[in-house]
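Student: I have a structure open and no idea where to start. Can we go through it together?
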Amino acid sequence: MAYQYNQYMKHNYGAGPCILPQEVFKQAAQAVLDFNGTGLSILEISHRTSEFEAVVDETVRLIKELMGVPEGYSVVLLQGGASLQFSMVPQNLLGSDKTAAYLDSGVWASKAIKEAKLFGNVNVVASSKEANYTYIPKDFEVPADSAYLHVTSNNTIYGTEIHAFPKSSVPLVCDMSSDILSRQINVADFGLIYAGAQKNIGPAGLTIAIVKDDLLGKVDRKIPSMLDYKVQIDGGSMYNTPPVFAIYVAMLNLRWVKSKGGVAELEKENIAKARALYEEIDRNPLFKGTCKVEDRSRMNVCFVMENPELEKPFLKFVEDRDIVGLKGHRSVGGFRASIYNALPITSVHVLIDAMRDFADQQKG
Ligand SMILES: *Cc1c(COP(=O)(O)O)cnc(C)c1O
């Protein structure tokens, strides 16, 4: 065995909620007992205290810094997950007589389409549904009068990722839930970015949105306050009680991202992790990838076995090596290795070793 693994911790390949850095878990646990020497738990302090306002400020500041958010954009902390953004986006940006363009690249994209239809017209510009979403559609036209183009940067379930964002004259809206902070992007190319926190930002319960301010206030429908980006932005992400603990842990994780050298450094590591794993999938005769090679995700690596009967025994085999969360989504089957920022490359090598040892065992 080339790599020693910690007997107390699992190699967590879960798709979300997912692994966060161990030091974040420790700091979060400490704050449950005593937050910043206040003598109070982070679970009991008021969100209106100056101590917690500083947490919100730092969280927003770190997102801006780490992602290079330019002037003219607001970062806002929300709840309801990415799934609520599926309806918040059209409610705020799609006039009832207008049409929005959507790229259908997976289950999450199609859920976003379903919600948008409640508020206006939807033009599905391309879909890879006929191929069980194993690739990213690339040749499509976006009518210039579309309110926006909505894409999903990383299709968590299928393991595909947009490596070059489509260029069009209309605002680009992106569900970045599962690859935000994993690679450098140019925020100025987007009108609105949103992400549920539980994949690369922090624990479940927090959602972030990065909104180009001048897109707001253009639809004439009445929007419930909680679902109005403008109200949430003006309220400083505290229109109502925010998810205090989730924001605190997200802040700790953002500090960790910064301490690692920021998104550019993590991107290098993510490329190395994904490359090592895909190389083994392509090399090892027992396994094969499920997606078009050029569209492969660096966050969710989906693969199956040439002989499906070996899949259960392989899952058992890796469980004995403290690898958890590897089972694929029911709509793809096989395996999905989610290799988010916090999963160390040493864990990837534990999985690769297991794939090799399992193959040897089959021969023997
Ligand atoms: C997980 C995920 C969602 C759903 O997020 P919730 O926070 O559970 O609503 C949406 N889109 C993508 C790309 C995801 O990975």
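Student: Is Tyr133 buried or exposed?
Tutor: This is a predicted model, and in it Tyr133 is buried because its relative accessibility is 4%, under the 20% cut-off.

Student: Where in the chain is that?
Tutor: Tyr133 sits in the loop that runs from strand S4 (121-127) to strand S5 (149-152).

Student: What is the sign of phi at Tyr133?
Tutor: Positive, at about 55°, although Tyr133 is not a glycine. Most residues other than glycine have a negative phi.

Student: Which other residue has a phi like that, near 65°?
Tutor: Ser237, which is not a glycine either. Ser237 belongs to the loop between helix H5 (229-234) and H6. With a relative accessibility of 6%, Ser237 also counts as buried.

Student: And peptide bonds? Which residues does the cis one with omega about -5° join?
Tutor: Gly16 and Pro17. Pro17 is in the loop between strand S1 (11-12) and helix H1 (22-33). Most peptide bonds are trans.

Student: Let's switch to the inside. How many residues does the largest nonpolar core have?
Tutor: It has 60 residues, and Met67, Leu149, Phe165, Ile180 and Ile210 have the most contacts within it. Helix H6 (residues 244-259) gives the largest share of this core, 11 residues. A separate core has 32 residues, including Met305, Ala354, Met355 and Ala359.

Student: Why would nonpolar side chains gather like that?
Tutor: As a general tendency, nonpolar side chains in soluble globular proteins are buried together.

Student: What does Leu149 touch?
Tutor: Leaving out residues up to four places away in sequence, its contacts include Tyr102, Phe140, Pro166 and Leu172. Ala101 and Val173 are also among them.

Student: Now Glu311. Which helix is it in?
Tutor: Glu311 is in helix H8, which covers residues 311-319.

Student: Buried or exposed?
Tutor: Glu311 is buried, because its relative accessible area is 16% and the limit for buried is under 20%.

Student: So what is around it?
Tutor: Beyond its neighbours within four places in sequence, Glu311 contacts Val304, Met305, Gly334 and Phe335. Met305 also appears in the core of 32 residues.

Student: How far is Glu311 from Leu93?
Tutor: Their C-alpha atoms are 45 Å apart, and 218 residues separate the two along the chain.

Student: What about Ser347?
Tutor: Ser347 is in helix H9 (residues 345-363). Ser347 has a relative accessible area of 5%, so it is buried. Outside the residues up to four places away in sequence, Ser347 touches His11 and Tyr13.

Student: Zooming out, how many helices and strands are there?
Tutor: The protein chain has 9 helices and 14 strands.

Student: What does its radius of gyration say about the overall form?
Tutor: The chain has 21 Å, and a compact globule of 364 residues would be near 21 Å, so the two agree. Along the principal axes, the C-alpha atoms fill a box of roughly 70 × 55 × 30 Å.

Student: How much of the chain is buried?
Tutor: Of the 364 residues, 55% count as buried. The accessible surface is about 15900 Å², and carbon and sulfur atoms account for 50% of that.

Student: Last one: how far apart are the mean positions of the positive and negative charges?
Tutor: They are 3 Å apart, taken over 38 positive and 42 negative charges.

Conventions: Residues are numbered from 1 along each chain as its sequence is written. This is a predicted model: local features need pLDDT of at least 70, side-chain atom pairs count only at pLDDT 80 or more; totals for chains, interfaces and linings use all residues. Side-chain values use heavy atoms; hydrogens and water are left out. Helices (H or I, at least four residues) and strands (E, at least two) are DSSP runs, numbered from the N terminus. Buried means under 20% relative accessible area, exposed over 50%, partly exposed in between (1.4 Å probe, protein chains only). Contact means heavy atoms within 4.5 Å. A nonpolar core is a set of buried Ala, Val, Leu, Ile, Met, Phe, Trp, Tyr and Cys residues joined through side-chain atoms within 4.5 Å. The radius of gyration is taken over C-alpha atoms; the globule rule is 2.2 Å times the number of residues to the power 0.38. Accessible areas come from the Shrake-Rupley method with a 1.4 Å probe; for residues, only the protein chains shown count as cover. Lys and Arg count as positive and Asp and Glu as negative; His and the chain ends are not counted. The place of a charge is taken as NZ of Lys, CZ of Arg, CG of Asp or CD of Glu.
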